[in-house]
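Dear colleague,

Please find the structure below, handed over for your use. My notes on what was found in it follow directly after.

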Amino acid sequence: MYIDDLTGAVVKCAEDEGWKADAGIYYKEQIAEFEFGKFSPAGRDFSFRAEMKCANINSLIEHIEDYYEDFDVDYETYIWLDQWGHGKNGAPYRLRTVLEDSEAIEKMVGELLEAIRKMEVPEEY
């Protein structure tokens, strides 16, 4: 399996989980860059980026794990609130709803991570 085959498999895995996934391959550097996007339950357009080095699925998994572990629900909620504690820029009006939506986004990332971990990939990749 080559980097483009593995990249395509990751995109398909993400799409099967309801994500929009775009990938770019930089052959000289042996890097595939992914952008994963999905609407949250409250309708926020959420996306994040991750990369895979040398057609090594574990490098992608580690990158997504780092993102998932560093995801700060409180910060993600805060940046979508105005000075009165209500949603802004298309976020739900109520603080509680924004918080619950941020928690749902964290869960979505975790579910994507688990799906990619479970992908059947030959051992050398």
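Lys-12 and Asp-16 both belong to helix H1 (residues 3-16), and because they are 4 residues apart there, about one helical turn separates them. The two side chains form a salt bridge, in which the closest N and O atoms are 3.0 Å apart. Lys-12 has a relative accessible area of 48% and is therefore partly exposed, as the range for that class runs from 20% to 50%. Asp-16, at 54%, is exposed. Please bear in mind throughout that this is a predicted model.

The structure holds 7 salt bridges, and two further ones deserve a description here.

The first joins Arg-44 and Asp-101, with a distance of 2.8 Å from N to O. This pair links distant parts of the chain: Arg-44 sits in the loop between E2 and E3, whereas Asp-101 belongs to helix H4 (residues 95-117), and their positions lie 57 residues apart in the numbering. Are these two residues buried or exposed? Both Arg-44 and Asp-101 are buried.

The second joins Glu-65 and Arg-117, where the N to O distance is 2.5 Å. Glu-65 is part of helix H2 and Arg-117 is part of helix H4, so this salt bridge ties together parts of the chain that are 52 residues apart in sequence. Glu-65 is partly exposed, with a relative accessible area of 21%, and Arg-117 is likewise partly exposed, with a value of 37%. Which residues make up the network of salt bridges that includes this pair? Glu-65, Glu-114 and Arg-117 are linked in it.

The loop that holds Arg-44 also contains Pro-41, which is placed between strand E2 (31-39) and strand E3 (45-53). Pro-41 has a relative accessible area of 66%, and because the limit for an exposed residue is 50%, it counts as exposed. Leaving aside neighbours within four places in sequence, Pro-41 is in contact with Asp-101, Ala-104 and Met-108. Asp-101 is thus named twice in this account, as a contact of Pro-41 and as the salt-bridge partner of Arg-44. The C-alpha atoms of Pro-41 and Ser-102 are separated by 9.4 Å, although these residues are 61 residues apart along the chain.

Helix H2 (residues 57-70) also includes Glu-62. Together with Asp-66, Glu-69 and Asp-70, Glu-62 forms a negative surface patch. The relative accessibility of Glu-62 is 48%, which means that this residue counts as partly exposed.

Two residues should be noted for their backbone angles. Gln-30 is not a glycine, yet its phi is positive, near 60 degrees. Gln-30 is located in the loop between strand E1 (20-26) and E2, and its relative accessibility of 37% makes it partly exposed. Asn-89 also has a positive phi without being glycine, in this case near 55 degrees. The place of Asn-89 is the loop between helix H3 (73-78) and H4. With a relative accessibility of 66%, Asn-89 counts as exposed.

With kind regards

Conventions. Residues numbered from 1 in each chain as written. Predicted model: local features only at pLDDT ≥ 70, side-chain atom pairs only at ≥ 80, totals over all residues. Heavy atoms only, no water. Patch = residues over 30% accessible without salt bridge, like charges linked within 9 Å, V, L, I, M, F, W, Y side chains within 5 Å. Areas by Shrake-Rupley, 256 points an atom, 1.4 Å probe, with all protein chains shown as cover. Salt bridge = Lys/Arg side-chain N within 4 Å of Asp/Glu carboxyl O. Lys, Arg positive; Asp, Glu negative; His and termini not counted. Charge placed at Lys NZ, Arg CZ, Asp CG, Glu CD. Helix = DSSP H or I, 4+ residues; strand = E, 2+ residues; numbered from the N terminus. Buried < 20%, exposed > 50% of the residue type's maximum accessible area, 1.4 Å probe, protein only. Contact = heavy atoms within 4.5 Å.
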